[in-house]
Amino acid sequence: MSIEQLNFHGLRNLQPLSFAPAAGINVITGANGSGKTSLLEGIHILGMGRSFRTRQLKNVIQHDAGEFALFGRLAGEQGAAGTTLGVRRLRDERELELRLRGERHARLAELVEALPLQLINPDAFRLLEGPPAGRREFLDWGVFHVKQAFLPAWKGARRALKHRNALLRRGRIEGRPDAAQLDVWEQELARCGETMDRLRQEWFSAFLPVFEETLKALLPLEGLSLHYARGWDKKRPLADALHAGRATDTQMGFTQQGPQRADLRIRLRKKPAIEVLSRGQQKLVVSALKLAQGRLLESSSAPGTAVRHCVYLIDDLPAELDGRYQQRFCELLEAMQCQAFITSVEPGALQNRWLSETAVRMFHVKHVGREEPGQPASGRLVER
Ligand SMILES: Nc1ncnc2c1ncn2[C@@H]1O[C@H](COP(=O)(O)OP(=O)(O)OP(=O)(O)O)[C@@H](O)[C@H]1O
Ligand SMILES: [Mg+2]
């Protein structure tokens with residue numbers, strides 16, 4: 001799976017662009033502020049419906065423009081026409097307009113499924129350091145793409161949790177929650193939560209060896225361990241944990257145990273990895289996690305169907321990595337034969353890192369016009 005055509009307009013400082021990336025490696029260079037990250041951001045919004053830089057998609061719309069519109073076409077299988085995706089956001093409307101294969105009102109999960117993306121950027125270390133939500137998202141991305149039953153369970157759990165939390169908050173005000181109503185939503189949360197846990201565990205058992213192998217090739221680290229924590233007491237079913245937690249949950253006003261608290265624990269010799277690893281090592285561990293996601297996706301494609309590859313967005317690859325590790329990273333990425341968009345400020349960066357048979361295309365984002373206070377110069381994408 002790769003993107004064969006991208007057309008963007010109204011995106012940050014970028015001039016309208018229309019380009020056909022290589023199915024392999026695409027290196028995008030340009031000065032600071034030229035628009036490299038914005039280009040990756042556009043692809044990210046196209047596949048995920050959100051930016052990795054802002055929660056406010058309005059900020060992505062070019063100053064003075066009324067909208068941004070992003071279009072992508074994926075390469076089709078065996079000569080078939082490729083899937084098209086479109087995302088549009090008008091300045092005056094909150095809703096994002098999603099299109100898939102020309103159909104309006106596509107659902108976000110359909111876009112995510114059509115274009116599996118992984119991002120590695122200078123904030124990547126947050127996956128180790130930040131709150132569990134980021135790691136849960138990483139975990140669920142993997143489960144979602146390989147387990148069909150995950151999305152309905154995830155939606156069911158989210159709905160049941162919302163209801164249970166509302167009952168708890170009302171119970172706190174009224175002195176006692178409605179036990180009969182709690183029974184109903186706890187049963188549903190337990191049913192969906194146990195399914196999520198089972199699927200997450202299955203995914204994790206397949207993921208762990210792939211991750212360990214990837215890490216070994218990138219940065220052999222003695223004593224690094226990865227664990228999945230399901231979000232509630234190991235010894236009892238979720239229904240029991242919820243029932244037993246009613247009193248304290250009512251005091252807190254929310255549900256303290258359940259699939260919404262799952263996490264991946266990354267430790268080095270029993271200490272949180274983030275407290276021991278150097279910045280470069282953190283980036284490599286996160287890169288190994290993300291490359292392993294793609295490798296597992298490839299190997300879990302159903303027999304008789306095309307192998308699913310994920311597209312990598314790698315912002316500022318050279319940052320924090322010395323030449324040796326840049327080389328190892330590039331070799332691993334190349335061996336996966338997936339499509340990647342890699343940015344760098346260095347014009348010569350990454351030029352000689354690829355085997356000659358890999359399709360590599362070099363692009364440059366040129367600053368056009370004069371930068372004035374409050375008026376950034378626009379960026380034009382050209383092939384080098
Ligand atoms: N909504 C917007 N409209 C127009 N320009 C914007 C908007 N938001 C940001 N910019 C400008 O877009 C430019 C491109 O930013 P971007 O982060 O993509 O650059 P970059 O090439 O990744 O730079 P760096 O090498 O420093 O990471 C910046 O100059 C920024 O000020
Ligand atoms: Mg940038």
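## The β3–α1 loop

Gly 35 sits in the loop that joins β3 and α1. The structure described here is a predicted model. Gly 35 has a relative accessible area of 7%, so this residue counts as buried, the cut-off for buried being under 20%. Setting aside residues up to four places away in sequence, Gly 35 touches Asn 13, Leu 14 and Val 365.

Ser 34 is also found in this loop, between β3 (25-30) and α1 (36-48). Its relative accessibility is 1%, and Ser 34 therefore counts as buried. Outside its neighbours within four places in sequence, Ser 34 is in contact with Asn 13, Leu 14, Val 365, His 367 and Gly 379.

## Binding-site annotation

An unreviewed UniProt entry lists a "binding site" made up of Gly 30, Ala 31, Asn 32, Gly 33, Ser 34, Gly 35, Lys 36 and Thr 37. Ser 34 and Gly 35, described above, are among the residues listed in that record.

## Surroundings of ligand 1

Ligand 1 is surrounded by 17 residues, of which Gly 33, Lys 36, Thr 37, Ser 38 and Arg 53 are the closest. By residue class, this shell consists of four nonpolar, 10 polar and three charged residues.

Several polar contacts involve oxygen atoms of the ligand. A polar backbone atom of Gly 35 is 2.9 Å from an oxygen atom of ligand 1. For Thr 37, a polar side-chain atom lies 2.7 Å from an oxygen atom of ligand 1. For Ser 38, the distance from a polar side-chain atom to an oxygen atom of ligand 1 is 2.5 Å. On its own, ligand 1 has 660 Å² of accessible area, and the protein covers 77% of it.

## Annotated domain

The UniProt record, an unreviewed entry, assigns residues 3-365 to the feature "domain: RecF/RecN/SMC N-terminal". Across residues 3-365, helix makes up 43% of the chain and strand 19%. The C-alpha atoms at the two ends of this range are 19 Å apart. Val 365, the residue at which the annotated range ends, is one of the contacts of Ser 34 and is also touched by Gly 35.

## Asn 165 in helix α5

Helix α5 spans residues 150-174 and includes Asn 165. Asn 165 counts as buried because its relative accessibility is 14%, against a limit of under 20%. With neighbours within four places in sequence left aside, Asn 165 is in contact with Gly 253, Phe 254 and Thr 255.

Notes
Residues numbered from 1 in each chain as written. Chains lettered and ligands numbered in written order. Predicted model: local features only at pLDDT ≥ 70, side-chain atom pairs only at ≥ 80, totals over all residues. Heavy atoms only, no water. Near = heavy atom within 4 Å. Polar contact = N/O pair within 3.5 Å; in protein donor to acceptor, adjacent residues only side chain to side chain. Areas by Shrake-Rupley, 256 points an atom, 1.4 Å probe, with all protein chains shown as cover. Nonpolar A, V, L, I, M, F, W, Y, C, P; charged D, E, K, R; others polar. UniProt positions renumbered as here; feature names shortened; annotations may be inferred. Helix = DSSP H or I, 4+ residues; strand = E, 2+ residues; numbered from the N terminus. Buried < 20%, exposed > 50% of the residue type's maximum accessible area, 1.4 Å probe, protein only. Contact = heavy atoms within 4.5 Å.
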